[in-house]
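Work through the following exercises with the model open beside the text. Each task is followed by a solution in steps.

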Amino acid sequence: MEAKTMDIPGGPKTPNPEDHTNAAGTERHLGEGSGSPSRRRKSLAQALTTQVCVRVRPILQYEQEEGQGSIWRCERDKVIRKGSPGITYFHGPNVFGPEATNDRIFKRCVVSCLDTLCQGKSCTVMAYGEDTSGKSHSLMGSEEENGVIWMSLVYIFKAVQKVRGVQGISLSYYEIYNEVLSDLLSFNGVSLPIIYDPAEGHHVQGATTMPIASAKEGMELLKKAEFHRRFLMLRSDLRRCSRSS
């Protein structure tokens, strides 16, 4: 998948350590509609090439123990900062409060994008937010709740059974860290280039592509690759510390 950076409309432009929100952008191509104002807003959002979904995570246990509380409140299609009357930080049809589940996020924001993918078109699902805003939980899930990636793999494997001519499913997994793009499936420390090909468009040259036979196999592969991502960050931090000492 390609990652595209976007600003949340009306949102703060500088990082905020108290930020508990994350946004998932989904590319889709759908038609417009008419009707009630709420239906028109929904139809307008569906018609946009890029759709933004905002999720406010719940307070973490250590935050509760320290007496912290959320600075955000959700009112239907708005995210408002508490103590700021009249100031809306985000306004759109896909606003999810702390009680929202990954399953709801997946069905509301990702399924239609996957349908576009199964039609042979390109699409991107991206989690965007500050550290501890909930991106990893939304994507990878936890012991109590599956993540969007797992749900997507299951959905794709079921969908391709109805599509003729599909020879197989494969995946790549790479990381951009400090402007260096690294292959996490066969980590060798080499920075991979992004090139443009008239037939394939923009893609990562030299990235490992692994065939997978099931959603379970795909998740096991990604979890193994996660070790390389953490190792890369740790090695970079150690190198930075050694230079400053």
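**Exercise 1. List the buried residues of helix H3, then describe the course of the helix and what follows it.**

Step 1. The buried residues of H3 are Asn102, Ile105, Phe106, Cys109, Val110, Val111, Cys113, Leu114 and Thr116. The model is a predicted one, and a residue counts as buried when its relative accessible area is under 20%.

Step 2. H3 spans residues 102-118 and bends by about 50° at Val110. Val110 also appears among the buried residues of the helix.

Step 3. Just after H3 comes Gly120, whose phi is positive, at about 90°.

**Exercise 2. Give the overall composition of the protein: how many helices and strands does it have?**

Step 1. There are six helices and 13 strands.

Step 2. The protein has 245 residues, and 37% of them count as buried.

Step 3. The exposed surface comes to about 15400 Å², with 52% of it supplied by carbon and sulfur atoms.

Step 4. Consider the contacts with a separation of 6 or more: residues 24 or more positions apart account for 59% of them.

**Exercise 3. Find which residues of the largest nonpolar core touch the most other members, and which elements supply the core.**

Step 1. The core holds 28 residues, and those touching the most other members are Phe96, Phe106, Val110, Ile169, Tyr173 and Ile212.

Step 2. H3, helix H5 (148-160), strand S8 (169-171) and helix H6 (215-244) each contribute at least two residues to this core. The largest share, seven residues, comes from H3.

Step 3. Take Ile169 as an example. Neighbours within four places in sequence are left aside; Ile169 is then in contact with Ile156, Phe157, Val160, Met210, Pro211 and Ile212.

Step 4. Another core, of nine residues, lies apart from the one above; Val56, Val79, Tyr89 and Val95 are among its members.

**Exercise 4. Work out the order of the strands in the open sheet of three strands, and state why one side of S3 and of S5 has no neighbour.**

Step 1. The order is S3-S4-S5, with antiparallel pairing.

Step 2. S3 and strand S5 (88-91) are at the edges and have a single partner strand each, so one side of each is left without a neighbour in the sheet.

Step 3. On average, neighbouring strands of this sheet are turned by 20° against each other, direction ignored.

Step 4. S4 and S5 are joined by three bridges. Val79 has Phe90 in S5 as its bridge partner.

**Exercise 5. Decide whether strand S2 is mostly covered or uncovered, and find the sense in which S2 and S6 pair.**

Step 1. S2 covers residues 50-56, and six of its seven residues are buried, so the strand is mostly covered.

Step 2. S2 pairs with strand S6 (residues 95-96) in the parallel sense, over two bridges.

Step 3. Opposite Arg55 stands Phe96 in S6. Phe96 was met in Exercise 3, among the core residues that touch the most other members.

**Exercise 6. Locate Arg76 and Thr132, and give the sign of phi for each.**

Step 1. Most residues other than glycine have a negative phi.

Step 2. Arg76 has a positive phi, near 55°. Its place is in the loop between strand S3 (72-75) and strand S4 (78-81). Arg76 is exposed, with a relative accessible area of 83%.

Step 3. Thr132 is not a glycine either, yet its phi is positive, about 65°. Thr132 lies in the loop between strand S7 (125-129) and helix H4 (135-140).

Key:
Residues are numbered from 1 along each chain as its sequence is written. This is a predicted model: local features need pLDDT of at least 70, side-chain atom pairs count only at pLDDT 80 or more; totals for chains, interfaces and linings use all residues. Side-chain values use heavy atoms; hydrogens and water are left out. The bend at a residue is the angle between axes fitted to the seven residues ending there and the seven starting there. Helices (H or I, at least four residues) and strands (E, at least two) are DSSP runs, numbered from the N terminus. Buried means under 20% relative accessible area, exposed over 50%, partly exposed in between (1.4 Å probe, protein chains only). Contact means heavy atoms within 4.5 Å. Accessible areas come from the Shrake-Rupley method with a 1.4 Å probe; for residues, only the protein chains shown count as cover. Two strands pair if DSSP finds at least two bridges between them. Axes are lines fitted to C-alpha atoms, for helices over the stretch in contact, and angles run from 0 to 180 degrees between N-to-C directions. A nonpolar core is a set of buried Ala, Val, Leu, Ile, Met, Phe, Trp, Tyr and Cys residues joined through side-chain atoms within 4.5 Å.
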